[in-house]
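Work through the exercises below with the sequence and the 3D view side by side. Each one sets a task and is followed by a solution in steps.

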Amino acid sequence: NPGLSDFSFGARIALTRGVGAWNIMQKGAWGDRQWKLSVHPLNGGAQFSCRVSGSAGIVHVFTQGAVIGADGSWHQVVCARVGNEVQVRLDGAVIARGSGVTGAVSSTRKYLVGSKGAGNLADPDQYLGLLDDAFVEVDIDTGDPEPPPPVSDTATASVETAPVAHPGDAADDPAVWPHPTDPSQSVVIGNDKG
């Protein structure tokens, strides 16, 4: 809960299954105090929006036009509140901004990344692309949000298996075993429950 402090939140995403009106990250609900980063389909590509709703008002910013394609390439998307400005940043550059007083932002609801949690899988807001390096940073001291974690700190897979043969909620319950001394010997085991 950032309260009145400047803050930023975001993730690296890759749109591998088209584009829908999907929430990437959010805390709070539409009719309450909320901060949310979403992707929206537009002209065969994707535009983004950032919504900050606080005790004094709401600022909802949309990028102009489609800014990335659904081609599976990775991009870092960030939403930031800096003073009375709300920004959408793509790969380090501010690509949309709006201004207005939002006031204090806090919520007792859970912080959600990609989905609205167990029991809400039919909700159309579920994010269906790839997502990594999600973060939230609150700047209490200087007034500027800290930069997101560098992309170079991300581990990449050396092997990727083929998708499971069954559609829907079939790939499930992975087991992760990190080798204690040799990371190259670590193993991830998944299943096809369909």
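Accessible areas come from the Shrake-Rupley method with a 1.4 Å probe. With that in mind, keep throughout that this is a predicted model.

**Exercise 1. Describe the protein as a whole: its surface, its burial and its secondary structure.**

Step 1. The accessible surface of the protein comes to about 10800 Å², and carbon and sulfur atoms account for 53% of that area.

Step 2. Of the 194 residues in the protein, 37% count as buried, where buried stands for under 20% relative accessible area.

Step 3. The secondary structure consists of 13 strands and zero helices, so that a reading along the sequence gives a pattern made up of β after β.

Step 4. Looking at contacts between residues at least 6 apart in sequence, one finds that 57% of them join residues at least 24 apart.

**Exercise 2. Work out the order of the strands in the open sheet that contains β8, and say which strands stand at its edges.**

Step 1. Five strands form this open sheet, in the order β9-β8-β7-β1-β11, with antiparallel pairing.

Step 2. The edges are taken by β9 and β11 (130–139), and because each has a single partner strand, one side of each is left without a neighbour in the sheet.

Step 3. On average, and with direction ignored, neighbouring strands of this sheet are turned by 15 degrees against each other.

Step 4. Towards the β11 edge, strand β1 (residues 6–14) pairs with β11 in the antiparallel sense over eight bridges, and within this pairing F7 has V138 of β11 as its bridge partner.

**Exercise 3. Follow strand β8 and its two partners, β7 and β9, residue by residue.**

Step 1. Strand β8 covers residues 85–90 and is mostly covered, since five of its six residues are buried.

Step 2. On one side, six bridges join β8 to strand β7 (residues 74–82), the two running antiparallel, and V82 stands opposite E85 of β8.

Step 3. The hairpin formed by β7 and β8 has two residues between the strands, and G83 in the turn has a positive phi of about 65 degrees.

Step 4. On the β9 side, β8 pairs with strand β9 (residues 93–99) in the antiparallel sense, again over six bridges, and here E85 stands opposite S99.

Step 5. The hairpin of β8 and β9 also has two residues between its strands, and D91 takes a positive phi near 50 degrees.

**Exercise 4. Is V94 buried, partly exposed or exposed, and which residues does it touch?**

Step 1. V94 is found in strand β9, and because its relative accessibility is 34%, V94 counts as partly exposed.

Step 2. Leaving aside residues up to four places away in sequence, V94 touches Q87, V88 and R89.

Step 3. Between V94 and V77 there are 9.9 Å in space, C-alpha to C-alpha, although the two are 17 residues apart in sequence.

**Exercise 5. Find the disulfide and explain what it ties together.**

Step 1. A search of the whole structure finds one disulfide, formed by C50 and C79, whose sulfur atoms are 1.5 Å apart.

Step 2. C50 lies in strand β4 (residues 45–53) and C79 in strand β7, so the pair ties together parts that are 29 residues apart in sequence.

Step 3. C50 counts as buried because its relative accessibility is 0%, and C79 is likewise buried, with a relative accessible area of 0%.

Terms used
Residues numbered from 1 in each chain as written. Predicted model: local features only at pLDDT ≥ 70, side-chain atom pairs only at ≥ 80, totals over all residues. Heavy atoms only, no water. Buried < 20%, exposed > 50% of the residue type's maximum accessible area, 1.4 Å probe, protein only. Helix = DSSP H or I, 4+ residues; strand = E, 2+ residues; numbered from the N terminus. Pairing = 2+ DSSP bridges. Contact = heavy atoms within 4.5 Å. Disulfide = S-S within 2.5 Å. Axes fitted to C-alpha atoms, helices over the stretch in contact; angles between N-to-C directions.
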